[in-house]
Amino acid sequence: MFPTARCLSAKPAGFFKRSAGELSRLSRIAWNSEGLHTPTKPYTLLDFEDESAVSGCKTMADRAVGGFSTASLDYVPADPSTGSPAHARFHGSISTKLPNNWRVERTGYAAFRNKDRGLWLFGRLYWDVDPFSYLALRVKSDGRRYTVNLQTDSIVETDIHQHRLYTRHHRVQNQVNADRLSSFASSETAEPPELADSLFSGGIPASLSDVPPESTIMSSTATTSGGTGWETILLPFNSFVRTNHGLVMEPQTSLLRQRVKSIGIGLTDRIEGPYDLRIHRIWATNGISEEEFKDEQRICGAGALPIDEGVKTGWTGDSLSSESDGKGQEIEGGKKAKGLKGLRSEWEP
């Protein structure tokens, strides 16, 4: 049985399209010898410019246990008048009202994540982000305290690795904490991690602390000028914390980067009222490349992240501009070109 054009163009992707896409990606990695060096190109995980990526996600809320919070994930088309790209809108309302059920003691959460990615020729389909250092998210936040959730093919299925989504609009739990952080930041002897430990009992990990870096704190009445509201957040994979049902687990284990099966964002701040988070794209990266910077600057405006110098030079310190080796063969960064060009010298005298 051979896949037809209808099978390969189906949305959401079926078995044949998933298999063809993954085989194509792995073939490019092998042909270009990308597994032998640090990747400079991004690896897209969820691109919400594609409406099928939105329909490929599911929402969750405390209504599953009788609560009253709501969660929706909608596709929003691009708006050329404002320069806003097509994206997903995660919105709803948080309620801490308890249902008439004595077994339920806490409510007030909402989340979304991608659905099971399905099967391909060699079993279940996972994301392999092992060659990358960061999870990147381009978002437009309302300032509430969202959490990024990664689930892998771990021994304990309910384990989730989490990291707080700190943005320029991120709000601490109350203004007192913000004032305390400002006073600590002005001191030459104090460090933000020490502040996090002093504000919370039980030793909350820095990645899940409600206190973000001082540069990201804004009061509830502050605004950001010179930007579009969109920003790109880079979260180190090695900073994610293993949790289970909201509790930090011990001992901590490293994120199984080779077998990531779901990515999502949740809101568990238990503050009543509406929330609204816009997500453009989620991808794995080693830093912003020249190729990515064009979109970064177009969408994020003055708030765009700069080009990563390591990515730009391939971590060699050399320029990536093409040169000649005297045989008409292109050299990239002083090294032989990848793929067919790199093998040409072995075929030609």
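Arg 144 sits in the loop that links strand S8 (134-140) to strand S9 (146-152). This is a predicted model, and in it Arg 144 is buried, with a relative accessible area of 9%. Beyond that arginine, a few backbone oddities are worth a look: a cis peptide bond from Glu 250 to Pro 251, plus positive phi values at His 245 and Arg 270.

**Arg 144 and its neighbours**
- Arg 144 counts as buried because its relative accessible area, 9%, falls under the 20% cut-off.
- Leaving aside residues up to four places away in sequence, Arg 144 touches Ile 94, His 170, Leu 267, Asp 269, Ile 271, Glu 272, Gly 273, Pro 274 and Tyr 275.

**The cis bond**
- Most peptide bonds are trans.
- Going from Glu 250 to Pro 251, though, the bond is cis, with omega near 0°.
- Pro 251 belongs to the loop between strand S13 (247-248) and strand S14 (260-267).

**Positive phi values**
- Most residues other than glycine have a negative phi.
- His 245 isn't a glycine, yet its phi is positive, at about 55°.
- You'll find His 245 in the loop between strand S12 (241-244) and S13, and it is exposed, with a relative accessible area of 69%.
- Arg 270 isn't a glycine either, and it has a positive phi of about 55°.
- Arg 270 lies in the loop between S14 and strand S15 (273-285), where its relative accessibility of 30% makes it partly exposed.

Definitions and conventions. Residues numbered from 1 in each chain as written. Predicted model: local features only at pLDDT ≥ 70, side-chain atom pairs only at ≥ 80, totals over all residues. Heavy atoms only, no water. Helix = DSSP H or I, 4+ residues; strand = E, 2+ residues; numbered from the N terminus. Buried < 20%, exposed > 50% of the residue type's maximum accessible area, 1.4 Å probe, protein only. Contact = heavy atoms within 4.5 Å.
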